[in-house]
Amino acid sequence: MARVIHVFRQPDRFIAGTVGQPGDRTFFLQASQDARTISVALEKQQVAVLAERIGSLLDEVGRRFGAEVPPDTPDDLLDSEPLAVPVEEEFRVGTMGLGWDAETRAVVIELLAVSEAEVDEAVVLDDTEEGPDAVRVFLSPASAKAFADRADRVVRAGRKPCPLCGEPLDADGHVCPRQNGYRRNEEG
């Protein structure tokens, strides 16, 4: 079966978001352009890594190519709206690619579907007919910065971390390894 690549050259919106309650959230990346919206599911850690790597890439293209990267997200690019509904998962992300298109001066993000076979690196950011389905998004440096900032906020918006061990706190309690199995009492 031929590979499907959803390309968003000038997306109206590209965001990270979640469905569900903290501790039981499903993470999505959603791209919209004109009347078309594509949502892909991925792991929280993948969202965090993508945001971090976009930040590093923007630093690098600013240095090497003189791309104008705003220090803060421009107000007109701030997006705190929820995911567009209904959220229909196109596929679950397995491999991600990130690059810089010097010709269009855009950050290119490619999200490839989980595949039974091992993904050949040659299919990432390529239009070959064989390989997993993909979503490819082109973003200006300012839009990429806005995406990374929002993705970082979405990741951090989950459960609060335990002040001792850093693991997420549950509403019904937390067995902290740093307390060695003991619970603190009210008196100290």
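Biologist: What counts as a pocket here, and what is the volume of the largest pocket?
Modeller: A pocket is an open set of grid points with protein on both sides within 12 Å along at least five of seven lines. This model is predicted. Its largest pocket has a volume of about 370 Å³.

Biologist: Which residues lie nearest the centre of the largest pocket?
Modeller: The lining of the largest pocket holds 22 residues. Five of them are named as nearest its centre: D12, F14, L77, L139 and S143.

Biologist: Which element gives the largest share of that pocket's lining?
Modeller: β2, β7 and α2 each supply at least two residues of the lining. The largest share is six residues. That share comes from α2.

Biologist: How many residues in the lining of the largest pocket are charged?
Modeller: The lining divides into three classes. Nonpolar residues number 10, and polar residues number four. The charged residues number eight.

Biologist: Which residues lie nearest the centre of the second largest pocket?
Modeller: The second largest pocket has a volume of about 280 Å³. β3 and α2 each supply at least two residues of its lining. The lining has 16 residues: six nonpolar, three polar and seven charged. Nearest the centre lie R25, F27, K44, V155 and R159.

Biologist: Which element gives the largest share of the largest nonpolar core?
Modeller: The largest nonpolar core has 33 residues, and those with the most contacts inside it are F14, L29 and F147. Elements that give two or more residues to this core include β2 (13-19), β3 (26-33), α1 (44-65) and α2 (141-156). The largest share is seven residues, and it comes from α1.

Biologist: What does F14 contact beyond its neighbours within four places in sequence?
Modeller: F14 lines the largest pocket. F14 is also among the residues with the most contacts inside the largest nonpolar core. Beyond those sequence neighbours, F14 is in contact with L29, Q30, A31, I109, L111, V137, L139 and F147.

Biologist: Which side chains of β1 are buried?
Modeller: Strand β1 covers residues 5-8, and its side chains alternate. I5 and V7 point to one face and are not buried. The side chains on the other face are buried, and they belong to H6 and F8.

Biologist: Which residue of β7 stands opposite V7?
Modeller: β1 and β7 pair in the parallel sense over four bridges. V7 belongs to β1. Opposite V7 in β7 stands R136.

Key. Residues are numbered from 1 along each chain as its sequence is written. This is a predicted model: local features need pLDDT of at least 70, side-chain atom pairs count only at pLDDT 80 or more; totals for chains, interfaces and linings use all residues. Side-chain values use heavy atoms; hydrogens and water are left out. A nonpolar core is a set of buried Ala, Val, Leu, Ile, Met, Phe, Trp, Tyr and Cys residues joined through side-chain atoms within 4.5 Å. Buried means under 20% relative accessible area, exposed over 50%, partly exposed in between (1.4 Å probe, protein chains only). Contact means heavy atoms within 4.5 Å. On a 1 Å grid over the protein atoms alone, a cavity is a set of points where a 1.4 Å probe fits but cannot get out, and a pocket is an open set with protein on both sides within 12 Å along at least five of seven lines; lining residues have an atom within 4 Å of a point. Grid points are joined across faces, edges and corners, and a volume is the space filled by probe spheres set on the points. Ala, Val, Leu, Ile, Met, Phe, Trp, Tyr, Cys and Pro count as nonpolar, Asp, Glu, Lys and Arg as charged, and the others, Gly among them, as polar. Two strands pair if DSSP finds at least two bridges between them.
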